[in-house]
Amino acid sequence: MDSGMQCTRRGTWFSLLILFTMALAQGVVAHPKVLEGAPPSWVQPLPLPPQESLEPSGQNVQGMLLDRQVHAESGEGYYHAAYRINTAAGVQSFSHLELPFSPEYQTMTLHAVRLHRAGKVIHKLQLSKVEVLQQEKDLERFQYNGQLTALILLDDVRVGDIVEYSFTRTGRNPVFGERFDELGTVAWGTSLERYRFRLLSTPARALVHRIHAEKEALSHSTRLLPEGVREDCWSAGPQKALSYEEGAPGWHLFLPMLQVTDFRSWSDVVAWALPLYTEQKVDPAVAAKAASLCAKLNTPQEKTLALLDFVQQEIRYMGIELGPGSHAPQAPAVVLERRYGDCKDKTRLLCSMLASQGIPAAPALTHSTLGAVTPDFLPSPYAFDHVITRVTINGLFHWVDPTLSNQKGTLHTRYLPNYQHALAIQAGTTGLNRITPREEAMTRLCIDEQFEIPQVGGVAALTVTTSYRGALADSMRSYLQQTPAETVAKNSLNFTLKRFPEATRTAPQTWTDDPSENEVRVTSHYSVPKLWQSEKGSPVLKAEFYPSSLRDFVTPPEQQVRNSPLSVPYRYEVVQKTRLHLPSAWPITPERQLVEDPAFEGEATVTAKGDTVDLVYRYTTKDDHVTPERMAEYTAKLAEFNNCLGYHFTHNTEIAARNAHFRLNYPLVGVLIGSLALWGLASWWLNRQNWGLWPVRADASFSALHGLGGWLVLVAIGLFLRPVIQVVEIVKSLIPLLDARTWEANTTAVQCLVSMEVLMQVGILVMGVHLIMLFFQKRRLFPWLFVVQFAFLGVYLVGDGIASVMLLEEADKNLRGLGVSLGQYAVPAAIWISYMFVSKRAMATFTRESRPVPPPVPQLPLQPAAADEVKRDTDTCAMGL
């Protein structure tokens, strides 16, 4: 049985090998559209530059000549190139020629293939040895264009040889009709001695041109040839090799490009594209399918989402772009029947289905990477490489991409790449539409970590909830659908192990999908046995927490000295929240650090309440690139934000052992004793002064009211209650703080606030006792000090409330508490302060001074004679002196 199985396997592999060999043989046979012949008569060949003009270079190859000549009327394109091979690596990579063409509408005519060696010319063109391959380089992107490649393998190529070849491609893509549109590079990653692009056209063809990202001087000349043909030439002398820099945004043109077209406006492009997308009547099969999908739906938004979901999920992406299919979409009925299509096919199907439901929609040409620089291009179909859909509902535009998959959410929350500009294929369109990004569709990643730490040095429990929105939600849906649950959980665990070795999963991983918010949530549970680490022999335990999700965003780019801009993820936000439930309160200083740069904003906050500590880190991009001039500033800002990331906790086991029992809080006891002494001294000093600030009325109308009666009885009750309440409040608030361990768990700012509260509360207590004494002594100082007490209490409540809001957690709660306290204080204060000012009993009762005031000495008026006598005595004394 075993030998029989082995024979069967050998036979199967042998059969597969034969089939593969036959298929390969069919792929390389000579193609009838690859010919050999002379260049067209209108071509004006250029000689090769002298080899001596090439300066020594470390490049594998050096370009000598690139001459492109195009006849706009005949559809012929002549190509003549030559390069010198300088190294063995150059021999390996450049000893074959790959010449592509589209057999649907082109033929390839080979003119010459030569090697120049030591002054000799070696002819290498043999049509019988030219192999024609169908490589389909875009097949991995699910695009089939049918393009063929004429492959010429050169034998006996050596270092120092010059490879020269020329050919002509004849035929134009019928999708463009008689229009002419050309877009090509004019410099490369290798140096080039001479470049020319020669274009022949009739004067009636109104051509316009533009050079994009020009890095070398490119001259342009035009003239009218004797045969009545217009000749345009663009040429350049020696060009340096251009080096590509990793990380540049897609819209940055690394290579300069020359654009020549006879499209004069965006309206011309719309007029060209309209026949490709317009249909006179919706196909019945398409209308029936749309009706079944929308049968139970009412609003245009609901119907649009249902049809969009169908095209995105049920019509797979596959582009058959043979010939005109490069730009012309298939009929909607064909796409619906095949259940596949590319961007233009899926867009046309969606527009047709929406039209059958009375919802206006139009295809829109856009570019997947050019984005911001699209308006810089001349109006041309080559300014675009993608098609999306513009849906109009209640006068508002909604941009959707039928090629995206695994999308959910509303029209507002669905992610759309940063296309920025699009050209709606609709009658009357005269320019590009600006696509404004939607805040609701912003890509967001939020990691919420919850640590339960019952004991310092012990095992911690970790729960991680990761939320994905925008493009990340779409990608995560795809990942979860295509990846087994066990693999997803294993990958998550491996990621956690990088942070916390020996972590284990304690519960199955779960995930939820919220379609309305376009949010995917994944929750994982772990046990972390080695959260606390210590160095050998050290009594200090240390636990570190770093937002690893932000590491890639704050890492400086490898190329910090650049010539091209650096790409930054656009409209992207990452938030990592870490909440720690510690075994006891920890001395934490609240922090908030904000780092701002034109390209991003970073924020790090640390807050604590009791035994709970929150670490929150946020990174938000504000632009899609950083200019080369700003790289140093940007890198410095990244480093600044990186320094804000992470937090560590230390626990000294030796100190903890010493602090295991109650320790008297001597600083607070000192504040309490000092406050009593200070306020007692102030009370003694006040009591010894005759202030004379309060009016005394002792006439007959007031004398009957003298004495501690009437409303003063209520004042007496309040005076006795105030010290009692104050003593209870002081004892209640100070007893927990008399333990030095509790005191040291607070920040310095909180300790200062508590000390100030003790000082003020002791002052209120001492003042209350002093007021009782003044009240029963009927002292004139009592009403004045009574009013001052109420004013002092109001200032204290406001000041203490503001300080609590600024320094403590739960600002809203503290504000509400302040409002309640002021409300409870304001009414009694208004009543009793007013009473003291207007009460006749108060004026008649509180009349005693602190010390007896001696009566004034009466002065009798002098008689005139006596006055004269005194005057004389004075004069006599003066004369005697």
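Let's start with Val787, which counts as buried because its relative accessibility is 14%, under the 20% cut-off. This is a predicted model, so keep that in mind as we walk around. Val787 sits in helix 18, which covers residues 781-807. If you jump along the chain to Ala829, you have moved 42 residues in sequence, yet the two C-alpha atoms are 8.4 Å apart in space.

Now on to helix 5, residues 300-314. How far should its 15 residues span at 1.5 Å a residue? The expected value is 21 Å, and the end C-alpha atoms are indeed 21 Å apart, so expectation and model agree. Plenty of this helix is tucked away: Lys303, Thr304, Leu305, Ala306, Leu307, Leu308, Phe310, Val311 and Gln312 are buried. What do those buried residues pack against? Their neighbours are three helices and two strands, namely helix 4 (284-293), helix 6 (332-338), helix 7 (343-356), strand 21 (386-393) and strand 22 (396-400).

For a contrast, turn to helix 15, residues 712-734, where you will find Ile717. Ile717 counts as partly exposed because its relative accessibility comes out at 46%. Together with Trp711, Val713, Leu714, Leu721 and Ile725, Ile717 makes up a nonpolar surface patch of about 580 Å². As background, an α-helix has 3.6 residues a turn, so residues three or four places apart point the same way.

Next come the charges. The structure holds 36 salt bridges, and a few are worth a stop. One of them joins the side chains of Asp262 and Arg179, at 3.2 Å from N to O. This pair links distant parts of the chain, 83 residues apart: Asp262 is in the loop between strand 16 (257-261) and helix 3 (266-277), while Arg179 is in the loop between strand 10 (162-170) and strand 11 (181-185). Asp262 is buried, given its 9% relative accessibility, whereas Arg179, at 28%, is partly exposed.

Another bridge runs between Asp513 and Arg477, whose closest N and O atoms are 2.7 Å apart. Here too the partners come from distant parts of the chain, with Asp513 in strand 27 (residues 504-514) and Arg477 in helix 8 (residues 471-482), 36 residues apart. This time the acid is partly exposed, as Asp513 has a relative accessible area of 32%. Arg477 is buried, at 4% relative accessibility.

A third example is Arg579 with Asp614, where the closest N and O atoms are 2.6 Å apart. Arg579 belongs to strand 31 (residues 572-581) and Asp614 to strand 34, so the bridge ties together parts that are 35 residues apart in sequence. Arg579 is partly exposed at 34%, and Asp614 is buried at 17%. Elsewhere, salt bridges that share partners join Glu73, Arg179, Arg205, Asp262 and Asp268 into one network.

We can stay in strand 34, residues 612-621, for the last stop, since Arg618 has its place there. Is Arg618 buried or exposed? With 17% relative accessibility, Arg618 counts as buried. The side chain of Arg618 makes a polar contact with the side chain of Thr620, at 3.0 Å. Leaving out residues up to four places away in sequence, Arg618 touches Glu573, Val574, Val575, Leu594, Glu601, Gly602, Glu603 and Phe641.

Notes. Residues numbered from 1 in each chain as written. Predicted model: local features only at pLDDT ≥ 70, side-chain atom pairs only at ≥ 80, totals over all residues. Heavy atoms only, no water. Helix = DSSP H or I, 4+ residues; strand = E, 2+ residues; numbered from the N terminus. Buried < 20%, exposed > 50% of the residue type's maximum accessible area, 1.4 Å probe, protein only. Polar contact = N/O pair within 3.5 Å; in protein donor to acceptor, adjacent residues only side chain to side chain. Contact = heavy atoms within 4.5 Å. Patch = residues over 30% accessible without salt bridge, like charges linked within 9 Å, V, L, I, M, F, W, Y side chains within 5 Å. Areas by Shrake-Rupley, 256 points an atom, 1.4 Å probe, with all protein chains shown as cover. Salt bridge = Lys/Arg side-chain N within 4 Å of Asp/Glu carboxyl O. Expected span 1.5 Å × (residues − 1).
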